[in-house]
Amino acid sequence: MSSSLIAEETTKPKRLGDRLVDDGLLVEDQLDLALKESKRHGKFLGETLVSLGFITSEILTTYLASESQATVLDLSDCFIAPEVLELVPHELSTQFQLLPLERIGNLLKVALSDTYNVMAVDTIERATGLNVEVVTAPPQTIADAIERYYAQSETITNLVDQLAKQGIGALGEQSGTEAPMIRLCNQIITFAIQIRATDIHIEPDEQYLRIRIRVDGLLGREILIPKVLQASIIARLKLMATLNVTEKRLPQDGRIPFTSGTRRVDLRVSTLPTNFGESLVMRILDKSAVNLEFSSLGFTEKNQERVRTVVQRPYGILLVTGPTGSGKTTTLYTSLREVNAQEKSVFTLEDPVEYQMPMVRQTQVNPGIGMTFAAGLRALLRQDPDVIMVGEIRDLETADLAMRAAMTGHLVFSTLHTNDAVGAIPRLIDMGVEPYLLASALSGVVAQRLVRLICAGCKEERHDVEQVLSALKIQSPQGHTPRLWIGKGCRACGNTGFRGRQGIFEVLLMNERIHLPIVQGPDLPAIRGIARKEGMLSMKEDGLAKAFQGMTTIEEVLRVVDG
């Protein structure tokens, strides 16, 4: 072999897969599988490696950048001028996963996830008439940045003005109006996701269409839209939810899978006829925003231990109680996560299935075809389950089946609507559950509410603590004046002084001493007295402790607990 050929082989760069194997980030078997899959699906090797979970997108970006000698940028906090964003249409940006960053004379700097995408560079150069310089960032980062920056450049108000000027009719069927209406509905949902909303209310009024967004448990962020656009917006959202657009006399329920950047959310959609048109509410279920850890939910170490004593039992019922929107389902999922699904057979009945759980067989109820919680529970009991989660106990049949399942060696999780933990006992008895059966089957009850957390960006200590405690008739803990904090309000929290929510809890553990007051009564004062002697704190006490730790305010705790 000639010296020139040896030199060429020595200087020839190694392929991506070989470099990853050499650096210990892949093994040969993984590379062989990825090569076969990428060839079979016609995808790039790097894309296949990430989709199979063999490497992260950040690792891929670093290796591709080193090959192409491109700079890796952090896009989390950079400013992009609106006129630069206007150079590249949103459709092209999304198609090529490309974000324009800045223009310097005839040079346009863009962030591109695939630095070898010659077609993307060529298309942008032809569309803008500018030379393109490529930098790179992970695909997820670019996708999030595209949604964020283009959302800022095209506001809801601008889209409404654009549609109103086009003179859309009642059904919005004029040519050329489809794209702006689609973008408007997408923008409303994207805006709600960005401000951490849980619900979007589309409320018809006589003169206009009102949109209100619930953030941290409170409705606000009101947007008023001309009445002429009402039918088109409702029709578009119903179409997204695969509902019957022509049916306006009956309530309907549907679901919208929606992607914002790299965040995949589900929206539960409900319509209701009103005198001014159909009212529509969308509940946002953002799986990426949920951390299924007891400490993240707000459980103290003591309450975590108390719940775990129930979860680790082989049988019995754990109930989670509270009003709608108090986080009951998240607590159920967190409890279910504590179960060793590798060694046990775990099933759920839900309405709807909100989070995908590994090793858990999840079923959605459908009352319209007779698949109720009771019918599903009867079927599940023939599937040899160890653990069953029932989304909600709504009737005697479901309650009775759940109690008997717990009595025959199954661990059951479910929810109930009551004001406190002890209140679950008379609620079930009022449904028709026999007291002796309840006393034997029930293992524990968790009652909860959600309180807003003080915004970390504008948090400051209060200097009127004694006056606040006196006005609210709150006794100082342990005989000394505690410290309290408040949020002044800033841009990050929308000037509310709060950002995010956590739970406040009371955990009732059942034992032999509580059985007699249940069977003979139920004697609620006796049950509550026994529970408190054995360590149960009320939700109010848990909330006040969090206020004295600087997590929330006393006023917020009282608002949630006392109404």
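Here are some notes on the chain as a whole, its seven-stranded sheet, the aromatic pairs and two buried residues.

1. **What we're looking at.** This is a predicted model, so read everything below as computed from predicted coordinates. The chain carries 24 helices and 18 strands. Of its 563 residues, 47% count as buried. The accessible surface is about 28,200 Å², with carbon and sulfur atoms contributing 50% of that. If you take the contacts between residues at least 6 apart in sequence, 63% of them join residues at least 24 apart.

2. **The sheet.** Seven strands make up an open sheet, and the order across it is 12-11-13-14-10-15-18. Its pairing is mixed. At the edges you'll find strand 12 (361–364) and strand 18 (498–509); each has a single partner strand, so one side of each has no neighbour in the sheet. On average, neighbouring strands here are turned by 20 degrees against each other, with direction ignored.

3. **Parallel pairings.** Strand 11 (residues 346–350) and strand 13 (residues 387–390) run parallel and are joined by four bridges. If you want a register check there, Leu349 has Val390 in strand 13 as its bridge partner. Strand 10 and strand 15 also pair in the parallel sense, this time over five bridges. For that pairing, look at Ile317, whose bridge partner in strand 15 is Leu442.

4. **Strand 15 and its antiparallel partner.** Strand 15 runs antiparallel to strand 18, and ten bridges join the two. One residue to look up is Val445, which stands opposite Leu508 in strand 18. How many of the 13 residues of strand 15 are buried? Twelve are, so the strand is largely enclosed by the rest of the structure.

5. **Helices across the sheet.** Helix 18 (residues 424–431) lies across four strands: strand 10 (316–321), strand 14 (411–416), strand 15 (442–454) and strand 18. Its direction is at about 90 degrees to strand 14. Helix 23 (residues 539–548) lies across strand 15 and strand 18, and runs at about 140 degrees to strand 18.

6. **The stacked phenylalanines.** The count of aromatic pairs comes to three. In one of them, the ring centres of Phe299 and Phe505 are 3.7 Å apart and the planes are at 20 degrees, so the pair is stacked; the cut-off for that label is under 30 degrees. This pair links distant parts of the chain, 206 residues apart. Phe299 sits in the loop between helix 13 (294–297) and helix 14 (301–311), while Phe505 belongs to strand 18. Both Phe299 and Phe505 are buried. Ring pairs also bring in Phe294, giving a cluster of Phe294, Phe299 and Phe505.

7. **The tyrosine pair.** Is the pair of Tyr333 and Tyr355 stacked or edge-to-face? The centres are 4.8 Å apart and the planes are at 80 degrees, so this pair is edge-to-face. Tyr333 lies in helix 15 (residues 328–337) and Tyr355 in the loop between strand 11 and strand 12, so the pair ties together parts 22 residues apart in sequence. Both Tyr333 and Tyr355 are buried.

8. **Asp199, a buried acid.** Asp199 is in strand 4 (residues 197–204). Its relative accessibility is 7%, so it counts as buried, given a cut-off of under 20%. Which side chains make polar contacts with the side chain of Asp199? One is Thr198, at 2.9 Å. Another is Arg283, at 2.6 Å. Leaving aside neighbours within four places in sequence, the contacts of Asp199 are Arg212, Ile213, Arg214, Met282 and Arg283.

9. **Ala192.** Ala192 lies in helix 11 (residues 178–194). At 0% relative accessibility, Ala192 counts as buried. Beyond its neighbours within four places in sequence, Ala192 is in contact with Ala197, Ile200, Ile213 and Ile284. Ile284 is 92 residues away along the chain, and the C-alpha atoms of Ala192 and Ile284 are separated by 8.7 Å. Ile213 turns up in the contact list of Ala192 and also in that of Asp199.

Definitions and conventions: Residues numbered from 1 in each chain as written. Predicted model: local features only at pLDDT ≥ 70, side-chain atom pairs only at ≥ 80, totals over all residues. Heavy atoms only, no water. Pairing = 2+ DSSP bridges. Axes fitted to C-alpha atoms, helices over the stretch in contact; angles between N-to-C directions. Contact = heavy atoms within 4.5 Å. Buried < 20%, exposed > 50% of the residue type's maximum accessible area, 1.4 Å probe, protein only. Polar contact = N/O pair within 3.5 Å; in protein donor to acceptor, adjacent residues only side chain to side chain. Areas by Shrake-Rupley, 256 points an atom, 1.4 Å probe, with all protein chains shown as cover. Phe/Tyr/Trp six-rings, centres within 6.5 Å; stacked < 30°, edge-to-face > 60°.
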